[in-house]
Amino acid sequence: MINRTFTMIKPDATEKGSTGGILQMINAAGFKIVAMKMTHLSKEKAGEFYAVHSERPFYGELVEFMSRGPITAAILEKDNAVEDFRKLIGATNPANAEEGTIRRKYAASIGENAVHGSDSDENAAIEGSFFFSALEKF
Ligand code: CMP
């Protein structure tokens, strides 16, 4: 079934100039970009996006990191989008990410792991709407 997932290219990847290379891998894997923008999250907005992790010990570090610099947010369409995109990005910890995955190639650590990918259809819809209005989704 054709469905959608949500991704962010995180501040570490933006700083290293990896945005183009990551988008190339996303396109090569058959994902269609149906919304995209570059933006800079405030600490408040980063905290809100990751509110589900607010009780985790790494939450403060995550909010600092995600508000450190610009990110690229996008909604991606493909059959089996959520699961296939998580395969394409690889494990959260790049040390465990398989060869050929985005995190294997571009991520430095479990915290600074280059990209985000939604973990369910429901969260993909919530996360996409966090960044994009109906007029910005194609
Ligand atoms: P992401 O897939 O965007 O979802 C939650 C994020 O929290 C994750 O990527 C990492 O950036 C971060 N994260 C997860 N586990 C840890 C950890 N143990 N230490 C620091 N950051 C983490």
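The ligand occupies the largest pocket. The model is predicted. With the protein in place, 80% of the ligand's 460 Å² of accessible area is covered, the 460 Å² being what the ligand has on its own. The points below start at the ligand, then turn to single residues in strands, helices and loops.

**Ligand shell**

- Eleven positions need checking in the viewer: Lys10, Tyr50, His53, Phe58, Glu61, Leu62, Arg103, Ile110, Gly111, Asn113 and His116 surround the ligand.
- By class, this shell splits into 4 nonpolar, 4 polar and 3 charged residues.
- Leu62 and Ile110 are among the residues around the ligand, and both names fall in the nonpolar class.
- Lys10, Glu61 and Arg103 also belong to the shell, and these residue types count as charged.

**Polar contacts to the ligand**

- Tyr50 places a polar side-chain atom 2.6 Å from a ligand oxygen.
- Lys10 has a side-chain N or O atom 2.7 Å from an oxygen atom of the ligand.
- Asn113 has a side-chain N or O atom 3.2 Å from an oxygen atom of the ligand.

**Strand S1**

- Strand S1 spans residues 2-9, and Asn3 is part of it.
- Asn3 counts as buried because its relative accessibility is 15%, and the cut-off for buried is under 20%.
- The Asn3 side chain comes to 2.7 Å from the backbone nitrogen of Ala81.
- Phe6 is also located in strand S1.
- Phe6 has 0% relative accessibility, so it counts as buried.
- Phe6 and Ser129 are 123 residues apart along the chain, yet their C-alpha atoms are separated by 9.4 Å.

**Helix H2**

- Ile26 sits in helix H2, which runs over residues 19-28.
- Ile26 is buried because its relative accessible area is 1%.
- From Ile26 to Met38 the C-alpha distance is 16 Å, with their positions 12 residues apart in sequence.

**Loop residues with positive phi**

- Asn80 has a phi near 55°, a positive value in a residue that is not glycine.
- Asn80 lies in the loop that links strand S3 (71-79) to helix H5 (81-89).
- Asn80 has 31% relative accessibility and so counts as partly exposed; partly exposed covers the range between the 20% cut-off for buried and the 50% cut-off for exposed.
- Asn80 and Leu135 are 55 residues apart in sequence, and their C-alpha atoms are 24 Å apart in space.
- Ala114 has a phi near 70°, again positive in a residue other than glycine.
- Ala114 belongs to the loop between helix H6 (102-106) and strand S4 (115-117).
- Ala114 is buried because its relative accessibility is 0%.

**To recap**

- The ligand's oxygen contacts include side-chain atoms of Tyr50 at 2.6 Å, Lys10 at 2.7 Å and Asn113 at 3.2 Å.
- Of the two loop residues with positive phi, Asn80 is partly exposed, whereas Ala114 is buried.

Terms used. Residues numbered from 1 in each chain as written. Heavy atoms only, no water. Near = heavy atom within 4 Å. Polar contact = N/O pair within 3.5 Å; in protein donor to acceptor, adjacent residues only side chain to side chain. Areas by Shrake-Rupley, 256 points an atom, 1.4 Å probe, with all protein chains shown as cover. 1 Å grid on protein atoms, 1.4 Å probe; cavity = no way out; pocket = protein on both sides within 12 Å on 5 of 7 lines; lining within 4 Å. Sits in = over half its atoms within 2 Å of the grid points. Helix = DSSP H or I, 4+ residues; strand = E, 2+ residues; numbered from the N terminus. Buried < 20%, exposed > 50% of the residue type's maximum accessible area, 1.4 Å probe, protein only.
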